[in-house]
Amino acid sequence: MTGILSPTWIAVSVFLTTYIALGLERIPRVLAAGIGVILLLLFKVLTVEEAVAYVHWETLGLLFGMFVLIAVLSEAGFFSALAIETAHRVNGEPRRLLVVFPLLTGFLAAFMDSITVMLFFSTLTVELSRLLRFDPVPVVVAEVVAANIGGAATLMGDPPNVILGLTLGFGLNDFITHNGPIVVFGLLGAVAMVYRQAARDLRKGPPLGRLELPRSAEMVRDPTLLRLGLLALALAVVLLSTHRWIEQRLAIPLTTPLATLIPAILLLLLGGPRVEGILRRIDYEVLLFLIGLFAIVGALEKTQAIEMLTGAVSSWLGGHPLGLASALLWFSALCSAVIDNVPFALSMAYALRHFANSPQAPALSLLTWAVSLGTDLGGNFTPIGASANVVACAALEGHGVRVGWRRWMQLATRPTLIALGLAQMGLLVKAWLGFF
């Protein structure tokens, strides 16, 4: 086929149409991805075998394992207990919550699914706001901003990192070493800006001693399951950090997905009567969505559309490593503000692989950290930039509190720009030191 019916044109058209459908959010994203795959099969851009081959099963395995671990902790009441305990520690002072809750969500999001973290913290913040009589919106937006920044620090902190890391061959230790220090400064800078712009608007609430809040221990539904869940999460982190050493020194084929699947399967076997509730909490929609997305982006790979685009960009900026890395950082941030960062990260993973093959391109590592930081941090700009944002807005609206795009951007733009500016400085320092 030639002209407008060429495989390349069809693959690009399906890709762009799917992105538009995802941005408009008029139909479920699983359905949008599924329709895209069907069109590619009908027009014979892909065969069924090719579509299956383009699915990155390692990424899905790692995500499924993490989903199980977080579902166990959620079922046991870990997040509710932790949030209530934190509220007691700050004596219910809203201005302290504006600092402590975001720092806590940022830390948790580095090791857990930010969607689950925000589901619990946004709901709890609204409940506390009614008791302490303060506006919950600045605190919830700050929590989301911090969660998305914190998630950039590790491989499993955000789905975009999982996709970039496993597609391009980077592990947990790589993300912690390269993104971790930048994320710490970015998180502290963003929280400081949040406090500066919103603290004066939060009224001082009554001491917690005058309020009837439950004790954190009362929020734990199953202490045994909680202990098992925390042990399994710790085991997953250890295995993710050491799996390469185990493979090389002990000759045990411990791949990255197995590092989370082994603790997850052990938990399901030991979960007892709560296993059914655990399985219901897993976000299967994300896994199905990713399967379709892998096939759609795979069509761009097969038709060499990505190779042509990256070749043009590489020849334009390839001689300037910092220019290319900086362009990718801000381009990723702006795109993630209006496009779900999961499909964007998948597209960029394939593009980066082609960038790395160009003789003029800088180190793949430097480009990967630029895209990772831009994608994770840029999602903060709008209510639809990341899944955690959508979950937080839904939780607020479910309690009768509406945010809206204008107010969200007023609260989130400056902290996000601070974090991105610090990320830019971090990349400059890394390039200057040759630390890729």
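**Exercise 1. A charged pair, starting from R407**

Decide whether R407, at 29% relative accessibility, counts as buried, partly exposed or exposed, and then find the residue with which R407 forms a salt bridge.

Solution. The model worked on here is a predicted one. Buried residues have under 20% relative accessible area and exposed residues over 50%, so R407, with its 29%, counts as partly exposed. D135 is also given 29% relative accessibility, and D135 therefore counts as partly exposed too. The partner in the salt bridge is D135, and the closest N and O atoms of R407 and D135 are 2.5 Å apart. This pair links distant parts of the chain, since R407 belongs to helix 21 (residues 405–433) while D135 sits in the loop between helix 7 (114–132) and helix 8 (136–151), 272 residues away in sequence.

**Exercise 2. The other salt bridge**

State how many salt bridges the structure holds, and explain why the pair of E50 and K302 ties together parts of the chain that are separated in sequence.

Solution. The structure holds two salt bridges. Besides the pair treated above, E50 forms a salt bridge with K302, in which the closest N and O atoms lie 2.9 Å apart. Because E50 is in helix 3 (residues 48–54) and K302 is in helix 15 (residues 284–302), the pair ties together parts that are 252 residues apart in sequence. Turning to accessibility, E50 has a value of 26% and so counts as partly exposed, and K302, with a relative accessible area of 36%, is likewise partly exposed.

**Exercise 3. Aromatic pairs**

Count the aromatic pairs, and describe the geometry and setting of the pair formed by F101 and F121 and of the pair formed by F175 and W369.

Solution. The count of aromatic pairs comes to four. One of them joins F101 and F121, whose rings are 5.3 Å apart from centre to centre with 85 degrees between the planes, an edge-to-face arrangement. Since F101 lies in helix 6 and F121 in helix 7, this pair ties together parts that are 20 residues apart in sequence. Both F101 and F121 are buried. For F175 and W369, the ring centres are 5.0 Å apart and the planes stand at 80 degrees; planes over 60 degrees apart count as edge-to-face, so this pair is edge-to-face. The pair links distant parts of the chain, with F175 in helix 10 (residues 172–178) and W369 in helix 19 (residues 364–378), 194 residues apart. F175 has 0% relative accessibility and so counts as buried, and W369, with a relative accessible area of 0%, is buried as well. Ring pairs also bring in F170, which is linked with F175 and W369 into a cluster.

**Exercise 4. Two residues inside helices**

Find out what surrounds T105 and A419 once the neighbours within four places in sequence are left aside.

Solution. T105 belongs to helix 6 (residues 94–109) and counts as buried, because its relative accessibility is 0%. Within the chain, the side chain of T105 reaches the backbone oxygen of P102 at 2.9 Å. With the sequence neighbours set aside, the contacts of T105 are V117, M118, F121, E143, A146 and A147. A419 lies in helix 21 and is buried, with a relative accessible area of 2%. Apart from its sequence neighbours, A419 is in contact with I149, G186 and L377. A419 and V145 are 274 residues apart in sequence, and their C-alpha atoms are 9.6 Å apart in space.

**Exercise 5. The surface and a positive phi**

Name the residues that make the nonpolar surface patch of about 700 Å², and say in which loop K44 is found.

Solution. The patch is made by L5, I27, L31, I35, I38, L39, L42 and F43. Among them, I27 is found in the loop between helix 1 (7–24) and helix 2 (29–42), and with 33% relative accessibility I27 counts as partly exposed. K44 is found in the loop between helix 2 and helix 3, and a relative accessible area of 71% makes K44 exposed. For the backbone, most residues other than glycine have a negative phi. K44, a residue other than glycine, has a positive phi, near 60 degrees.

Technical notes. Residues are numbered from 1 along each chain as its sequence is written. This is a predicted model: local features need pLDDT of at least 70, side-chain atom pairs count only at pLDDT 80 or more; totals for chains, interfaces and linings use all residues. Side-chain values use heavy atoms; hydrogens and water are left out. A salt bridge is a side-chain nitrogen of Lys or Arg within 4 Å of a carboxyl oxygen of Asp or Glu. Helices (H or I, at least four residues) and strands (E, at least two) are DSSP runs, numbered from the N terminus. Buried means under 20% relative accessible area, exposed over 50%, partly exposed in between (1.4 Å probe, protein chains only). Patches are made of residues with over 30% relative accessible area and no salt bridge: like charges are joined within 9 Å, nonpolar side chains (Val, Leu, Ile, Met, Phe, Trp, Tyr) within 5 Å. Accessible areas come from the Shrake-Rupley method with a 1.4 Å probe; for residues, only the protein chains shown count as cover. A polar contact is a pair of N or O atoms within 3.5 Å; within protein, one must be able to donate a hydrogen and the other to accept it, and residues adjacent in sequence count only if both atoms are side-chain atoms. Contact means heavy atoms within 4.5 Å. Rings of Phe, Tyr and Trp (its six-membered ring) pair if their centres lie within 6.5 Å; planes under 30 degrees apart count as stacked, over 60 as edge-to-face and the rest as tilted.
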